[in-house]
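Visitor: Could you walk me through reading the strands and sheets in a model like this one?

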Amino acid sequence: VSTGKGAELGVLIKGGEALQRAGDLTTVVLDKTGTVTEGRPTVTDVVTTGALPEDELLRLVASLERASEHPLADAIVRHAESRGLALVRPEGFASVTGRGATGVVDGRALAVGNAALLADWAVDVAPLADAAARLAGEGRTPVYVAIWPGHRPEATAGALAALLGIADPIRASSRAAIARLRAMGLDVVMLTGDAWRTAEAVARAAGIDRVVAEVLPEGKVEEVRRLQGAGRVLATVGDGINDAPALAQADVGIAMGGGTDVASEAGDVVLMRGDLAGVADAIALSRRTMRTMRQNLFWAFVYNVVGIPVAAGVLYPAFGVLLSPILASAAMAFSSVSVVLNSLRLRRWRPA
């Protein structure tokens, strides 16, 4: 009955074990992009150093990012296409997990990503650091661009070319859903690979107090293990390939609807809607289900503690009463029916 009710609510639960564990949760760990936010970022700012015209710079960067599957890369490509820029196929594309991407476009080497990526290539981001801090404080993700004239990023002088600001709006329902989770007595943590200032700005807007930022995918698994080691029973909520290991490690992995197949496969619960309200619904349903199960067990034990001695003839010496086999069979059937009827009340349950 409970899993059927979950399906009505757009919450697919993979078996009774996940359903039971969800009722014991103390902490919910949320990914940022595509979970707290809409997962469809857009380019809002382009700050250049003047090394290249803006359209040419965007053409080169978008051509490189065409080979990436990251949501930020998609935002850059869509922005360039909206300006009618003709993109080309990049050469030697390489994705650097948690940092960005590198490659060659039209004979020029590019590095596009965070400050750590450019530091790997000895590029000084100080000229655009203030602009990056401003964008991060507004909840936007700063993406640095370095461009070299040759096929290899050997000369670092003048390589810094631009800073892109990318915004990913918070889902309209996220703040209310997070407030509901906290009202249920759950600790809410946002775990993301984004920069600290960006993550903190998004967390403030969403009503989340605790943030762990600038974490690589393997770091997410370690953070989940650390929380578990501290005695937390936790759910991890995410939608991307990078979230799959953390979903598998959590006591309950919850995959957002519209995410990757890998995340859905790793999750114990799959939300058919891209809405954090489904997380609260799943936990509330689990708690109500466990309460119903305890009621069933309690009344079944009481019923049998009373009924079995009567069936065994305990009343016969004093009252001459014996339970006929027909009545005993009817009583046993009624015991099962009463459990089923009590369980069916879950079909009328509605989340608060």
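What follows is a short conversation about a predicted model.

Visitor: Before the strands, what does the chain contain in helices and strands?

Guide: The chain has 15 helices and 13 strands. Its C-alpha trace spans about 105 × 35 × 30 Å along the principal axes.

Visitor: What radius of gyration does the chain have, and what would a compact globule have?

Guide: For 352 residues, a compact globule would come out near 20 Å, but this chain has 28 Å. As for burial, 46% of the 352 residues count as buried.

Visitor: Okay, strands. Which way do the side chains of β2 point?

Guide: The general idea first: in a regular strand, side chains alternate between the two faces of the sheet. Now look at β2, residues 27–30: Thr-27 and Val-29 point one way, while Val-28 and Leu-30 point the other. Are they buried or exposed, you may ask? All of them are buried.

Visitor: Which way does β2 run against β9, and how many bridges join them?

Guide: In general, strands of a sheet pair through backbone hydrogen bonds, either parallel or antiparallel. Here β2 and β9 (residues 187–191) run parallel, joined by four bridges. To find the register, take Val-29: its bridge partner in β9 is Val-189. Strand β2 also runs parallel to β11 (residues 234–238), again with four bridges, and there Val-28 has Ala-235 as its bridge partner.

Visitor: And the antiparallel case: what is the strand order in the open sheet of six strands?

Guide: Read it as β3-β8-β7-β6-β5-β4, with antiparallel pairing. β3 (42–48) and β4 (91–96) stand at the edges with a single partner strand each, so one side of each has no neighbour in the sheet. From one strand to the next, the twist averages 15°.

Visitor: Can you zoom in on one pair there? How many bridges join β5 and β6?

Guide: Six bridges, in the antiparallel sense, between β5 (residues 100–105) and β6 (residues 108–113). If you want a spot to check by eye, Val-104 stands opposite Ala-109 in β6.

Visitor: Which helices should I look for against these strands, and at what angles?

Guide: Helix α4 (residues 54–65) lies across β3, β4, β5, β6, β7 and β8, and runs at about 80° to β6. Then there is α7 (residues 129–137), which packs on the sheet and touches β3, β7 and β8. The direction of α7 makes about 5° with that of β8.

Visitor: One last thing: what share of the contacts links residues 24 or more positions apart?

Guide: Those account for 64% of the contacts in the chain with a separation of 6 or more.

Note on methods. Residues are numbered from 1 along each chain as its sequence is written. This is a predicted model: local features need pLDDT of at least 70, side-chain atom pairs count only at pLDDT 80 or more; totals for chains, interfaces and linings use all residues. Side-chain values use heavy atoms; hydrogens and water are left out. Buried means under 20% relative accessible area, exposed over 50%, partly exposed in between (1.4 Å probe, protein chains only). Helices (H or I, at least four residues) and strands (E, at least two) are DSSP runs, numbered from the N terminus. Two strands pair if DSSP finds at least two bridges between them. Axes are lines fitted to C-alpha atoms, for helices over the stretch in contact, and angles run from 0 to 180 degrees between N-to-C directions. Contact means heavy atoms within 4.5 Å. The radius of gyration is taken over C-alpha atoms; the globule rule is 2.2 Å times the number of residues to the power 0.38.
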